[in-house]
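Here is a short report on one protein chain. Keep the sequence and the structure at hand while reading.

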Amino acid sequence: MKKAAALVSILLILAGCTDENNRQQEDQEVTTATVENEESLAAKLNTPWQINHLDGNFYLSERTGTITKVENGESIRQSVELQRPLSSAAEAGLLGFVLAPDFNETNEAYAYYTYEEDGQPFNAIVVLELQNDQWSETKVLIDGIPSGSFHHGGRLAFGPDEKLYATTGDASNPELAQDLNSLAGKILRVNLDGSIPDDNPFKDSYVYSYGHRNPQGLTWAEDGTMYASEHGPSANDEINRITAGSNYGWPEITGNESKDGMESPIFTSGDNQTWAPSGMAYYENQLFVAGLRGEAVLRFDLETGENDEQISNLGRIRDVYIINGQLYFISNNTDGRGTPGENDDQLYSVPL
């Protein structure tokens, strides 16, 4: 497998004000180093979106409506048959994708995709089944999630409580994020059969948290603490600690702003920097986050409050995944906003 050397820019953010409601980032000290043992595991992917791993194999969802399986160094592109055509809206397509916990017995997975109906885009969470290298939609769990020109959300993840979580964007309509009767601008919590968990914070509602603009990353610490990444408006990107029933403020507050009854982020890019954070993973009291506009794998230290760039010089990064101290990540330069190279997009691996 071809080895590639990538610049790793280490961006140390000095500790800000200790007042929780008035955190301010200070001057940045930048150093650079070179990683010599980075490896490309798969190339020429079609706008990949989410990484899955099972029994040594990777399954990567692609916005164009396919799944690429990476097995023993070989990439196998699997077709996906959906009940409705994928939306052609910006940022839309086949997004979140997670293998079922019992995949080896059922060949099932869960997917989040944007579709068109009567000229309008919507999002759905569905069950897919794999047969002979083709996935087919077999069941709809949640339908009619608002969509729009941008801000589809789309991340799927299983929590330590064995529930399915999904992030939804505000569908380019910010007011929906504060509307508890809408599924837009939320983090949803779902039973695997599509029913609403009895202990969700709002009665008869999938909504777990609200006031989100465009969250695209989910992960949990070893103690069960939940974290999410979120795109801010032209900067003020956020890393949030998520608790059931909480309001994360969009569009009422952004960045370091605060307001009674609303949660401020534990990290923000501030007014003058953009991360466009997407997929994320937890490892040893740190959060590793894919950066699109930031074009880096970002690291956030939950103990010290510092953050830096771990991987750069590979373009836009969509998702990250960690296995036994090994960091895997996918580039996203073919999404229409990057500058793809000859072998983009790619799945990479580098030891932490």
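A residue counts as buried when its relative accessible area is under 20%. Arg 189 has a relative accessible area of 5%, so Arg 189 is buried. The model is predicted, and that should be kept in mind throughout.

**Confidence**

The protein chain averages a pLDDT of 90. A score of at least 70 is reached by 89% of the residues. Residues 1–36 have a pLDDT below 50. This stretch still has 84 contacts in the model beyond near neighbours in sequence. Where pLDDT is low, the predicted coordinates should not be read in detail.

**Salt bridges**

Side chains of opposite charge can pair when their charged atoms come close. The count here comes to 11 salt bridges. The table lists some of them.

| Pair | Closest N to O distance |
|---|---|
| Arg 337 and Glu 91 | 3.1 Å |
| Asp 161 and Arg 189 | 3.0 Å |
| Arg 299 and Asp 308 | 2.6 Å |

Take the pair of Arg 337 and Glu 91. Arg 337 sits in the loop between strand E24 (326–331) and strand E25 (347–351), and Glu 91 in the loop between strand E6 (74–81) and E7, so the pair ties together parts that are 246 residues apart in sequence. Arg 337 has 47% relative accessibility and therefore counts as partly exposed.

Asp 161 and Arg 189 also link distant parts of the chain, 28 residues apart. Asp 161 is in the loop between strand E11 (156–158) and E12. Arg 189 is in strand E13. Is Asp 161 buried or partly exposed? At 30% relative accessibility, Asp 161 counts as partly exposed. Asp 161, Arg 189 and Asp 199 form a network of salt bridges.

In the pair of Arg 299 and Asp 308, both residues are buried.

**A buried charge without a partner**

Asp 237 lies in the loop between E16 and E17. Asp 237 is buried yet has no salt bridge. Which side chain of opposite charge is nearest to Asp 237? That is Arg 213, 6.1 Å away. A salt bridge needs the nitrogen and the oxygen within 4 Å, so this pair does not qualify. A polar atom of the Asp 237 side chain does lie 2.9 Å from the backbone nitrogen of Ala 276. Residues that Asp 237 touches include Phe 267, Gln 273, Trp 275 and Pro 277.

Gly 232 is placed in the loop between strand E16 (226–230) and strand E17 (238–242). With a relative accessible area of 12%, Gly 232 is buried. Beyond residues up to four places away in sequence, Gly 232 touches Arg 213 and Asp 237. Gly 232 and Asn 214 are 18 residues apart in sequence, and their C-alpha atoms are 7.5 Å apart.

**Nonpolar cores**

The largest nonpolar core has 20 residues. Those that touch the most other members are Tyr 110, Ile 125, Ile 142, Leu 156, Leu 164 and Leu 188. Elements that give two or more residues to this core include strand E8 (108–117), strand E9 (120–131) and strand E13 (186–190). The largest share, 3 residues, comes from E10.

Tyr 110 has many neighbours to look up, among them Phe 97, Val 126, Leu 141, Leu 156 and Leu 164. A second, separate core has 17 residues, including Leu 82, Phe 103, Tyr 113 and Ala 124.

Technical notes:
Residues numbered from 1 in each chain as written. Predicted model: local features only at pLDDT ≥ 70, side-chain atom pairs only at ≥ 80, totals over all residues. Heavy atoms only, no water. Helix = DSSP H or I, 4+ residues; strand = E, 2+ residues; numbered from the N terminus. Buried < 20%, exposed > 50% of the residue type's maximum accessible area, 1.4 Å probe, protein only. Contact = heavy atoms within 4.5 Å. pLDDT = per-residue confidence, 0-100. Lys, Arg positive; Asp, Glu negative; His and termini not counted. Polar contact = N/O pair within 3.5 Å; in protein donor to acceptor, adjacent residues only side chain to side chain. Core = buried A, V, L, I, M, F, W, Y, C linked by side-chain atoms within 4.5 Å.
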